[in-house]
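Welcome, and thanks for opening the viewer. Let's take a short walk through the fold, one selection at a time.

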Amino acid sequence: MSKIIVFGGSGQLGQCLQQVAKEKNITEIEFLPEEQANILNPDILEAVFAEYKPTYCINCAAYTAVDKAEDEVDIARKVNKDGVANLSKLCKAYDTTLIHISTDFVFAGTGNQPLVETDEAAPISVYGLTKLEGEQVIPAYTEKFFILRTSWLYSEYANNFVKTMLKFGRERDELRVIWDQIGTPTYAIDLAGCILSITETRNQNFGIYHYSNEGVTSWYDFAKVIFELGKVDVKVVPVRTAEYVTKATRPTYSVMDKTKAKTQLNVEIPYWKDSLQKCMSRL
Ligand SMILES: NC(=O)C1=CN([C@@H]2O[C@H](COP(=O)(O)OP(=O)(O)OC[C@H]3O[C@@H](n4cnc5c(N)ncnc54)[C@H](OP(=O)(O)O)[C@@H]3O)[C@@H](O)[C@H]2O)C=CC1
Ligand SMILES: Cc1cn([C@H]2C[C@H](O)[C@@H](COP(=O)(O)OP(=O)(O)O[C@H]3O[C@@H](C)C(=O)[C@@H](O)[C@H]3O)O2)c(=O)[nH]c1=O
């Protein structure tokens, strides 16, 4: 049986992986929280790899505070680039396959056609830039890797847009939500299923993949459906990006084409509203 280690094991995706591993009865898997395995500490990482000699290393650890990253470039880069380099070196040394998670925010988002894996990445935020640097450092050290770029992750765990909307929707009379940023939400449970199917099938089609749910929406439409399904009665005002000021700039259009994942990883991808319904029924 494959031995799997998961870094960032207590974050949103880490917790989803715990749930899906349990459902699939995958037991040879270790979830390592930051306190136990900081990816910036090479000595601890070496000890972890020496102990488990893993077949797979799943990296869910990341600096994900998009706005805060604009003021904390050094720490964002350390975690999203240097930490990934540390893991990549050890994956090579222990013949471990690395499954790393990246983001739609590596793209500028100025186009209007679904993005494929070979499209030019040109980040417009510190978070996006440091995540791209993390992607680029992997092949410098190891060949056996999967990089899964995903977008707009949500789940019943940790902090995410769905939970923020439900909280604000219950507390406030009115919310302003951006309607001119277009993308696709992803239920982190679905992504966790995709990741574990790579390990279960021992897929060897290494490389970069796009993985989100199916379909296309805006943050505004996403919010409207969240309130509809959650039966929350709140006024939602559609606003343009220019009217909702944030520290970091986000892509205007970051819909990803998932043809490669569907054909090379053999995964079936649920429609975003179906997955949202599933998540909401569990919240
Ligand atoms: N959330 C989203 O909308 C999206 C996320 N992604 C990517 O998906 C992946 C998973 O994201 P998600 O689970 O949502 O993010 P979370 O922020 O929920 O989880 C990230 C985890 O990484 C941990 N971490 C931070 N620094 C370190 C470190 N130095 N060593 C070890 N662990 C560390 C955090 O711990 P602590 O909380 O204690 O700091 C946290 O538990 C990330 O790579 C992210 O970039 C991609 C697209 C969308
Ligand atoms: C809370 C809120 C957000 N927004 C907008 C701001 C932003 O453009 C969008 C989402 O805001 P959030 O801050 O929740 O999410 P954000 O941190 O921008 O989400 C991103 O996280 C990183 C980690 C990723 O990799 C991306 O794929 C993406 O999911 O919604 C509103 O318009 N109204 C609101 O009340």
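Start by selecting residues 73-93, which form helix H3. At 1.5 Å a residue, its 21 residues should span 30 Å, and the end C-alpha atoms lie 29 Å apart, so the two values agree. Keep in mind that this is a predicted model.

Now zoom in on Val79, where H3 bends by about 30°. Val79 is also one of the buried residues of H3, along with others including Ala76, Gly83, Leu87 and Cys91.

What covers these buried residues? Show strand E1 (4-7), helix H2 (42-52), strand E3 (56-59), strand E4 (97-103) and helix H4 (126-141), which are among the elements that do so. Just beyond the helix, click on Asp95: this residue follows H3 and has a positive phi, near 55°.

Next, select strand E5, residues 145-150. How many of its residues are buried? The count is 6 of 6. In a regular strand, side chains alternate between the two faces of the sheet. Here, Phe145, Ile147 and Arg149 are buried on one side, while Phe146, Leu148 and Thr150 are buried on the other.

Add E4 to the view to see a neighbour of E5: the two strands pair in the parallel sense over 6 bridges. Look for Ile99, which stands opposite Phe146 in E5. With H4 shown as well, you can follow a right-handed β-α-β unit made of E4, H4 and E5.

For the last stop, select strand E10, residues 207-210, which runs parallel to E5 and is joined to it by 4 bridges. There, Tyr209 of E10 stands opposite Leu148.

Notes
Residues numbered from 1 in each chain as written. Chains lettered and ligands numbered in written order. Predicted model: local features only at pLDDT ≥ 70, side-chain atom pairs only at ≥ 80, totals over all residues. Expected span 1.5 Å × (residues − 1). Bend = angle between axes of the 7 residues up to and from the residue. Buried ≥ 20, exposed ≤ 12 C-beta atoms within 10 Å, placed from the backbone. Contact = placed C-beta atoms within 7 Å. Pairing = 2+ DSSP bridges. Right-handed = clockwise from strand over helix to strand, strands pointing away.
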